[in-house]
Amino acid sequence: MTDPRRKLPQVDRLVGELDHLGLPRPVVVDAVRRVVDAQRRRARRTKQVPSEDELIAVCRDELIRTHRSVLRPVITATGVLLHTYLGRAPLSHGAFDAVATVARGYSNLEFDLTGGRRGDRFVHVEPMLAALTGAEAALVVNNNAAAVLLVCAALASGKEVVISRGELIEIGGSFRIPDVLAQSGALLREVGTTNRTHVRDYERAVSENTAFILKVHPSNYRVVGFTASPSTEALGKLGVPVVYDIGSGLFGRTIADEPTIDGALAAGASLVCFSGDKLFGGPQAGIVVGRADLVAALRTHPLLRALRPDKMQLAALGATVESYLRDAGDIPVARMLDAGSGEIAGRARKVIRGIDDASLVDGESMTGGGSVPGEGIATTLIAIPDAKLAERLRDGDPPIIVRVEKGRVLIDLRTVDPRDDKIVASALANR
Ligand SMILES: *Cc1c(COP(=O)(O)O)cnc(C)c1O
């Protein structure tokens, strides 16, 4: 049984049986080898040899899981606008086209077409970001975690960053403000308490060793009750730069007390950092806007080479910023935020036509993705009293992701592209 020559014909035969799944042959061979080896080890222990049919079934399960794990589109009908698991913000058509156009061939990514010589990848989007936000300067990196790391490394290595104990937060598991600070070489100077920090706490901590005050929006949770934290304006008067990580990049609109790019800059933040793919509605990116002298220090730091954005991010972000400079009308996240409950109800009524057990109920959509915690947007949900349906919808092509609550499936069309309504309708009708 341990003779390797005896394994091969069996593997070949199994691979033949699984060819119809359409996966590349080396992937099938690899999965079959692993399953056969594992079964062989087990057989040695239990003295029971699985039948070929059993082996094929185990391999098929494994390969179906592999097939499902290939990156592909899903329809998100949960009503959560931004979910890191589901790829955060969908891109506008303009952004999508820009990516396709730039990615297909060569580009002037780092080529100066005027002088015919080496150029700079940081000139395509940054001037538009500055024009949009009114900031002196801007810089784009790979994501917001990279932006915060770079700011700390470039401006505060060996110096102190003053931060409230209420803002030493963790976002999405691996991004913890104290850890990022430690990696950057900056020294953490904690002030205040978890629930209350005052201007005088910051004032006492600021010294000639202070690089800047870091203000971090606690994106994914909310401290309620006996709380206090000073305004950006008040911190701006303490004589050191204020760096504000606002997280989601909300711009030009108000949602509860979610900080905005424009608001943070107007309040006097020296630098504002945010993600490109949260409420800003663009691709994954980390964006820093603010004082030109500080941005210049980021530009020359060696870490920037490791954190720089690629041409597809820049293409998508450029198109997204251009949309904002016009009217932001084609940014999906903006459209989803603006859709009224009545509009969603109208679409929902069409989707459930002819489906006996479906009904419409009032509910709430969530912005998600670490923004506006605890604030819902009124919406209309499709309710179907069949919790098993969630799994079947997830197994469809394209997969449809829904909410399950109290034994019911809840579908919120706010996060569904209206052109996909008919896919949802037919998945429900044919369940
Ligand atoms: C989401 C978030 C980050 C991390 O941003 P990424 O773009 O995911 O790297 C950092 N800070 C705040 C406040 C956030 O909300």
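Which helix is Glu-343 found in? That one gets its own close-up in View 5 below, where the answer is helix H15. Everything shown here comes from a predicted model.

**View 1. How the chain splits into domains.** The domain assignment cuts the protein chain into three pieces: domain 1 covers 10-59, domain 2 is built from 75-86 + 333-429, and domain 3 takes in 93-329. Measuring sticks out: the centres of domain 1 and domain 3, taken over C-alpha atoms, sit 50 Å apart.

**View 2. An open sheet of seven strands.** Reading across, the order is S5-S13-S12-S11-S10-S6-S9, and the pairing is mixed. S5 and strand S9 (187-191) are the edge strands, each with pairing on one side only. From one strand to the next, the twist averages 25°. For a parallel stretch, look at strand S6 (residues 160-164) and strand S10 (residues 210-216), which are joined by three bridges. Glu-160 has Thr-210 of S10 as its bridge partner.

**View 3. Strand S13 and its two neighbours.** On one flank, strand S5 (residues 137-141) runs antiparallel to S13, with five bridges joining them. On the other, strand S12 (residues 271-275) also pairs with S13 in the antiparallel sense, again over five bridges. Gly-286 is a handy landmark: Val-141 has Gly-286 as its bridge partner in S13, and so does Ser-275. Is S13 buried or exposed? Five of the five residues of S13 (residues 286-290) are buried, so the strand is largely enclosed by the rest of the structure. Both faces are covered, with Gly-286, Val-288 and Gly-290 buried on one side and Ile-287 and Val-289 buried on the other.

**View 4. Helix H6 packed against helix H11.** H6 (residues 144-156) and H11 (residues 292-299) meet at an angle of about 100°, with their axes 9 Å apart. That angle makes H6 roughly perpendicular to H11. On the H6 side, the contact is made by Leu-150, Val-151, Ala-154 and Leu-155, while H11 brings Leu-294, Ala-297 and Leu-298. Sort the contact by class and you get seven nonpolar residues, no polar ones and no charged ones.

**View 5. Glu-343 in helix H15.** Glu-343 belongs to H15, which spans residues 341-351. With a relative accessible area of 49%, Glu-343 is partly exposed. Leu-413 is 70 residues away from Glu-343 in sequence, yet their C-alpha atoms are 9.7 Å apart in space.

Note on methods: Residues are numbered from 1 along each chain as its sequence is written. This is a predicted model: local features need pLDDT of at least 70, side-chain atom pairs count only at pLDDT 80 or more; totals for chains, interfaces and linings use all residues. Side-chain values use heavy atoms; hydrogens and water are left out. Axes are lines fitted to C-alpha atoms, for helices over the stretch in contact, and angles run from 0 to 180 degrees between N-to-C directions. Helices (H or I, at least four residues) and strands (E, at least two) are DSSP runs, numbered from the N terminus. Angles under 35 degrees count as roughly parallel, over 145 as roughly antiparallel, 65 to 115 as roughly perpendicular and the rest as oblique. Contact means heavy atoms within 4.5 Å. Ala, Val, Leu, Ile, Met, Phe, Trp, Tyr, Cys and Pro count as nonpolar, Asp, Glu, Lys and Arg as charged, and the others, Gly among them, as polar. Buried means under 20% relative accessible area, exposed over 50%, partly exposed in between (1.4 Å probe, protein chains only). Two strands pair if DSSP finds at least two bridges between them. Domain bounds come from an automatic or database domain assignment.
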